[in-house]
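Here is a short report on one protein chain. It begins at a single residue and works outward to the whole fold.

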Amino acid sequence: MTLRTGFYFDPIYLQHDTGSHPENAGRLQFLIESMAKTSLLDELQQGKARKAEVHEIQLIHELNYIRSVEDACAVGQQQYFGSMDCIISGKTYEAALHATGAILDAVNQVADQKLDNAFCAVRPPGHHAENSEAMGFCYFNNVAIAAEFLVKEKGYERVLIFDFDVHHGNGTQHSFEARNDIFYCSIHQDPRICYPGTGYASERGVSDGTGYTLNCPMPPYSDDERYLQVFHNNILPVFQDYAPDFILISAGFDAHRDDPLAQESLTVEGFDGMLEGMKTLAYHYAEGRMVSVLEGGYDYQALSDSIQSHLEILLKDPA
Ligand SMILES: [Zn+2]
């Protein structure tokens, strides 16, 4: 017996054309081609990446900002948007709406018990996107929008976001740092030497949100053992105290030792160890409800291997 694990992908994601940028269509192209050589896709429930509505993107982003992304994409040619690390093209806006839409559908299906859990293989990624600013290859903050949707539309009261991308999810943290109904935790490479330069351990939330943000910066070259030590000793006990009723994962696989953009030393086993812990947590507190969303990961082979192993763990019946 396997679980009903949703897998969300749409060919529109490949049309967000960034040329030779590290966050390029080849990342997902390679994944899908690799998966086609296995039986994994047969075991997964193929999800429908619907197009998110503008009012849904507005759960996190300013309307003027959303329009500025749309207008810039309407020009039709590849160009920088906002900063030198964000490149858009004619289909970026459509792709971004379908990325957010996939995640909204996934959380809805899991909330309604039509799926047990899900993984969304989307691009562009989201966790650096601020309320009205594109940053770090991100335009709309997919996970933040889904978290707000779960609170506002589905009535959840303790949504937990765990972000293991090697970069700090500044946009997600800033969206919720003053609140206690959405907990944000990130484990990432030391911000003194890694983009975007935020996510110090001293950042624990503000006003009503104090204590509901947790940052675990890691020294470069931290391996599986070091990561799992921090995860089990410093992170999981805090999650257990919070007792989440829905779990979202910002799953970036750029802490892998083969990744070209950062200097951590994880292998697939390290990512798997954290996911196993999250899955147990989900069954203990949230009836298994967990949706995982792709963020970074720039070595094709490492990304593909890590995601396929991630999917196998999601599929496994909890013992
Ligand atoms: Zn990253």
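Ala-95 is part of helix H5, residues 92–111. Helices here are DSSP runs of H or I with at least four residues, strands are runs of E with at least two, and both are numbered from the N terminus. This is a predicted model: local features need pLDDT of at least 70, side-chain atom pairs count only at pLDDT 80 or more, and totals for chains, interfaces and linings use all residues. Residues are numbered from 1 along each chain as its sequence is written, and side-chain values use heavy atoms, with hydrogens and water left out.

**Around Ala-95**

Is Ala-95 buried or exposed? Ala-95 counts as buried because its relative accessibility is 0%. The cut-offs are under 20% relative accessible area for buried, over 50% for exposed, and partly exposed in between, with a 1.4 Å probe and protein chains only.

Which residues touch Ala-95, leaving aside neighbours within four places in sequence? They are Ile-12, Tyr-13, His-16, Arg-123 and Pro-124. Contact means heavy atoms within 4.5 Å. Ile-12 is 83 residues from Ala-95 along the chain, yet their C-alpha atoms are separated by 5.4 Å.

**Backbone exceptions**

Two of those contacts, Arg-123 and Pro-124, are joined by a cis peptide bond, with omega near 0°. Pro-124 sits in the loop between strand E5 (117–120) and helix H6 (142–152). The bond from Tyr-195 to Pro-196 is also cis, again with omega near 0°. Pro-196 falls in the loop between strand E7 (182–189) and strand E8 (213–218).

Most peptide bonds are trans, and most residues other than glycine have a negative phi. Tyr-221 and Glu-287 appear below with positive phi values.

| Residue | Phi | Loop between | Relative accessibility |
|---|---|---|---|
| Tyr-221 | near 65° | E8 and helix H8 (224–242) | 62%, exposed |
| Glu-287 | about 50° | helix H9 (268–285) and strand E10 (290–294) | 58%, exposed |

**Cysteines**

How many disulfides does a search of the whole structure find? The search finds zero. A disulfide is a pair of cysteine sulfur atoms within 2.5 Å. Why does Cys-73 have no bond to Cys-86? The closest cysteine sulfur to that of Cys-73 is in Cys-86, and it is 11 Å away, so it is too far for a bond. Cys-120 is in no disulfide either: the nearest cysteine sulfur, that of Cys-138, is 15 Å away. Cys-73 is buried at 3% relative accessibility, and Cys-120 is buried at 0%.

**The whole fold**

The protein has 10 helices and 10 strands. Its C-alpha trace spans about 50 × 50 × 40 Å along the principal axes. The radius of gyration is 18 Å, which agrees with the value near 20 Å for a compact globule of 319 residues. That radius is taken over C-alpha atoms, and the globule rule is 2.2 Å times the number of residues to the power 0.38.

Buried residues make up 61% of the 319. Among contacts between residues at least 6 apart in sequence, 76% join residues at least 24 apart.

The protein exposes about 12100 Å², and carbon and sulfur atoms supply 46% of it. Accessible areas come from the Shrake-Rupley method with a 1.4 Å probe. The chain carries 21 positive and 46 negative charges, and their mean positions are 4 Å apart. Lys and Arg count as positive, Asp and Glu as negative; His and the chain ends are not counted. Each charge is placed at NZ of Lys, CZ of Arg, CG of Asp or CD of Glu.
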